[in-house]
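Welcome! Here are some short exercises, each followed by a solution in steps. Have a look at the chain before you begin.

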Amino acid sequence: MSEAQQVLVLWDIDRTLLYVGDIDRQVYRESFAEVVGRPAEHLPARGTGVTMPLAIRALLMDNGVAEDDVHALLLRMEVLVPQRLAAHAEELREHGVLMPGAVAALSSVHDCPAYVPTVVTGNLKPNALLKLAAFNLGGYVDTEIGGFASDDHHRPALVAISQKRAQARHGTTFTRSNTVIIGDSLEDIRTGLEGGAAVIAVASGKASAADLRDAGADVVLKSLEDLHELHNAIACVISPAGTRHATASGHTKPYQTGRAQYISER
């Protein structure tokens, strides 16, 4: 496969592919209580997409931990949080849910020879692997070339980390022109804009389609259920001549790329 044909596809996890409800928040509660020695009164906001280390830092600060103690406690919690999530693995399987169309979308991208699928996520790597394993999704992405909060607390930096890992494995130079993030949050959009990737936003999280579009997403989809629309969007955003923005409803406009012509007129 030539370098020009390869596209690095960076999947977000939470609320894009799956939803674990309050399990993450329970893990924060348990970890905070063990490390700090008292219950947390304030928990991180849901669905923001910020990296876990930043969420943990906010958790400590918002619950009155002295600033001088935050760094040491943060390091302890970064170790403990994956352990606590592992203890809830059965709950992940029983109470977590797959987002509509996620498995078929992952499978179709994985099966396309031109695409190199992995994840870029605010999760610590052990947490990301636990979530993917709970839903049997690990086989659809190469997690060894992904970007995780374990690599850097600053989420936009994870794009370059993944691009370098993918280049080392596949021999292709990945840049903004052949890298795309698929995610649901405003933080996913910021990650792409600042980190160097096109962004396909999916209105499956807390942000509305209009908010995602206004934040700078190249394409906004209602869900992952329409595979034709998904592949249309990927081809569009990585094509220099392609139509750069879809409508807020997720219906892409006609365009043509060097690989194929895709038209959505519904």
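**Exercise 1.** Where is the place of Asn-136 in the chain? Then decide whether this residue is buried or exposed.

*Solution.* Keep in mind that this is a predicted model.
- Step 1: Go to the loop between helix 6 and helix 7; Asn-136 sits there.
- Step 2: Look at the accessible area. Asn-136 has a relative value of 63%, and exposed means over 50%, so Asn-136 is exposed.
- Step 3: Check the backbone. Phi of Asn-136 is near 55°, which is positive although the residue is not a glycine.

**Exercise 2.** Find Arg-15 and work out whether it is buried or exposed.

*Solution.*
- Step 1: Arg-15 belongs to the loop between strand 1 (7–11) and strand 2 (18–19).
- Step 2: The relative accessible area of Arg-15 is 16%. Buried means under 20%, so Arg-15 is buried.
- Step 3: Arg-15 has a positive phi of about 70°, and it is not a glycine.

**Exercise 3.** Which residues is Thr-143 in contact with, leaving aside its neighbours within four places in sequence?

*Solution.*
- Step 1: Locate Thr-143 in the loop between helix 6 and helix 7 (157–170).
- Step 2: With 14% relative accessibility, Thr-143 counts as buried.
- Step 3: Setting aside those sequence neighbours, list the partners: Thr-143 touches Thr-118, Lys-125, Leu-129, Leu-132 and Phe-148.

**Exercise 4.** Describe helix 3: its span, its bend and its buried residues.

*Solution.*
- Step 1: Helix 3 runs over residues 67–87, which makes 21 residues. From first C-alpha to last, helix 3 reaches 30 Å, close to the 30 Å expected at 1.5 Å a residue.
- Step 2: Follow the axis to Leu-73, where helix 3 bends by about 30°.
- Step 3: Pick out the buried residues of helix 3, among them Val-70, Leu-73, Leu-74, Met-77 and Val-81. As background, an α-helix has 3.6 residues a turn, so residues three or four places apart point the same way.
- Step 4: See what covers the buried residues of helix 3. The cover includes helix 1 (23–36), helix 2 (52–62), helix 4 (89–95) and helix 6 (125–134).

**Exercise 5.** At what angle do helix 1 and helix 2 pack, and which residues meet there?

*Solution.*
- Step 1: The packing angle of helix 1 and helix 2 is about 55°, and their axes are 11 Å apart.
- Step 2: Helix 1 and helix 2 are therefore oblique to each other.
- Step 3: Helix 1 makes a right-handed crossing with helix 2.
- Step 4: On the helix 1 side, Asp-24, Tyr-28, Phe-32 and Val-36 take part; they meet Met-52, Ala-55, Ile-56, Leu-59 and Leu-60 of helix 2.

**Exercise 6.** How many residues apart in sequence are Ile-181 and Leu-8, and how far apart in space?

*Solution.*
- Step 1: Ile-181 is part of strand 5 (residues 179–183), and it is buried, with a relative accessible area of 2%.
- Step 2: Ile-181 and Leu-8 are 173 residues apart in sequence, while their C-alpha atoms are 8.5 Å apart.
- Step 3: Beyond its neighbours within four places in sequence, Ile-181 has contacts that include Leu-10, Val-159, Asp-188 and Ile-200.

**Exercise 7.** What percentage of the residues of the chain count as buried?

*Solution.*
- Step 1: Take the 266 residues of the chain; 52% of them count as buried.
- Step 2: For the wider picture, the chain has 10 helices and 9 strands.
- Step 3: Consider contacts between residues at least 6 apart in sequence: 65% of these join residues at least 24 apart.

Key: Residues are numbered from 1 along each chain as its sequence is written. This is a predicted model: local features need pLDDT of at least 70, side-chain atom pairs count only at pLDDT 80 or more; totals for chains, interfaces and linings use all residues. Side-chain values use heavy atoms; hydrogens and water are left out. Helices (H or I, at least four residues) and strands (E, at least two) are DSSP runs, numbered from the N terminus. The expected span of a helix is 1.5 Å times one less than its number of residues. The bend at a residue is the angle between axes fitted to the seven residues ending there and the seven starting there. Buried means under 20% relative accessible area, exposed over 50%, partly exposed in between (1.4 Å probe, protein chains only). Contact means heavy atoms within 4.5 Å. Axes are lines fitted to C-alpha atoms, for helices over the stretch in contact, and angles run from 0 to 180 degrees between N-to-C directions. Angles under 35 degrees count as roughly parallel, over 145 as roughly antiparallel, 65 to 115 as roughly perpendicular and the rest as oblique. A crossing is left-handed if the near helix is turned anticlockwise from the far one by less than a right angle, and right-handed if clockwise.
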